[in-house]
Amino acid sequence: MSIVIKFFVAPDAEAAAGVAEGGPDGVFESLTFGNFDVEEALIEWEGIFTGRSFEEVLDDDVPETVADLGDSEGPLVLAVSGTLQAALSSASEDRLAEVSLLWVAERAADGEVFDPEIAVWILGGLANVARTVGEGDEKLYCWVA
């Protein structure tokens with residue numbers, strides 16, 4: 001099974017939810033990845049950036065589901081937490097590389113092999129998208145199908 005993951009910036013949760021069925025293409029500029037558990041990754045990334053455990057981040061209801069079409073394999077839209085968005089937008093290249101390696105190690109501990117270069121590429125790309133938000137009210141979202 002193939003998973004498509006598209007990160008995008010939207011003005012609010014209502015606008016982000018509006019692309020649940022068809023995805024953000026043609027509505028919002030997006031960054032596309034695939035084939036990893038993005039919900040788990042969002043929790044792990046925030047935990048690594050903040051030094052909090054997976055359970056502590058999960059207790060904060062991260063990531064927030066903005067839209068879920070109800071099909072177990074159907075598309076959904078997640079809101080990236082403000083904490084993770086801020087951490088990504090302010091992270092240096094060295095910090096992104098460090099977080100990437102820690103994430104790869106967490107995946108390896110669960111028996112998942114993840115290429116460190118791809119991990120750096122994912123977090124670097126996501127950080128670039130987070131930086132486009134700047135000080136505005138827009139937020140980072142993720143569409144998954």
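**Entry 1: buried or exposed**

Buried, in these notes, means under 20% relative accessible area, exposed means over 50%, and partly exposed is what falls in between. I start there because Phe7 and Phe33 are both buried under that cut-off. I also jot down for the bench that I am working from a predicted model.

**Entry 2: aromatic pairs**

I searched the whole structure for aromatic pairs and got 9. I looked at Phe7 with Phe33: their ring centres are 6.2 Å apart, the planes make an angle of 65°, and the pair is edge-to-face. Where do the two rings sit in the chain? Phe7 belongs to strand S1, residues 4-10, and Phe33 to strand S2, residues 30-34. This pair links distant parts of the chain, 26 residues apart.

I then followed Phe33 to another partner, Trp121. That pair is edge-to-face too, with 5.1 Å centre to centre and 90° between the planes. Trp121 is in helix H6 (residues 116-133) while Phe33 is in strand S2, so the pair ties together parts that are 88 residues apart in sequence. I checked how covered each partner is. Phe33 has 7% relative accessibility, so I file Phe33 as buried. Trp121 has 53%, so Trp121 goes down as exposed.

One more item on rings: I found a cluster in which ring pairs link Phe36, Trp45, Trp103 and Phe114.

**Entry 3: salt bridges**

Next I turned to charges. A reminder to myself: side chains of opposite charge can pair when their charged atoms come close. How many salt bridges does the structure hold? I count 8.

I took Glu44 with Arg107, where the closest N and O atoms are 2.6 Å apart. Glu44 is in helix H2 and Arg107 in helix H5 (residues 93-109), so this salt bridge ties together parts 63 residues apart in sequence. Are the partners buried or exposed? Glu44 is at 5% relative accessibility and therefore counts as buried. Arg107 is buried as well, with a relative accessible area of 4%.

Then I moved to Arg52, which I met in two salt bridges. With Glu46 the N to O distance is 3.5 Å. With Asp60 the closest N and O atoms are 2.3 Å apart. I looked up the cover of each residue. Glu46 is buried at 2% relative accessibility, Arg52 is partly exposed at 26%, and Asp60 is partly exposed at 46%.

I also noted a network: salt bridges that share partners join Glu40, Glu44, Arg107, Asp110 and Glu112. The pair of Glu44 and Arg107 from above therefore has its place in this network.

**Entry 4: a negative patch**

On the surface I found a negative patch formed by Glu55, Glu56, Asp59, Asp61 and Glu64. Which element gives the most to the patch? Helix H3, residues 54-59, does, with 3 residues. Asp61 is in the loop between H3 and strand S3 (64-68). At 61% relative accessibility, Asp61 counts as exposed, since the cut-off for that word is over 50%.

**Entry 5: backbone oddities**

Most residues other than glycine have a negative phi, and most peptide bonds are trans. With that in mind, I went looking for exceptions.

Asp61 came up again: its phi is positive, about 60°, although Asp61 is not a glycine. So I now have two notes on this residue, the positive phi and a place in the negative patch.

In the loop between H3 and S3 I also found Pro63. What kind of peptide bond joins Val62 and Pro63? The bond is cis, with omega at about -5°.

Asn35 also has a positive phi of about 60°, and Asn35 is not a glycine either. I located Asn35 in the loop between S2 and helix H2 (38-50). With a relative accessible area of 49%, Asn35 is partly exposed; the cut-off for exposed is over 50%.

**Entry 6: pages to revisit**

For my next look at the model, I marked Phe33, with its edge-to-face pairs to Phe7 and Trp121. I marked Arg52 too, for its salt bridges with Glu46 and Asp60. My last bookmark is the loop between H3 and S3, where I noted Asp61 and Pro63.

Methods:
Residues numbered from 1 in each chain as written. Predicted model: local features only at pLDDT ≥ 70, side-chain atom pairs only at ≥ 80, totals over all residues. Heavy atoms only, no water. Phe/Tyr/Trp six-rings, centres within 6.5 Å; stacked < 30°, edge-to-face > 60°. Helix = DSSP H or I, 4+ residues; strand = E, 2+ residues; numbered from the N terminus. Buried < 20%, exposed > 50% of the residue type's maximum accessible area, 1.4 Å probe, protein only. Patch = residues over 30% accessible without salt bridge, like charges linked within 9 Å, V, L, I, M, F, W, Y side chains within 5 Å. Areas by Shrake-Rupley, 256 points an atom, 1.4 Å probe, with all protein chains shown as cover. Salt bridge = Lys/Arg side-chain N within 4 Å of Asp/Glu carboxyl O. Lys, Arg positive; Asp, Glu negative; His and termini not counted. Charge placed at Lys NZ, Arg CZ, Asp CG, Glu CD.
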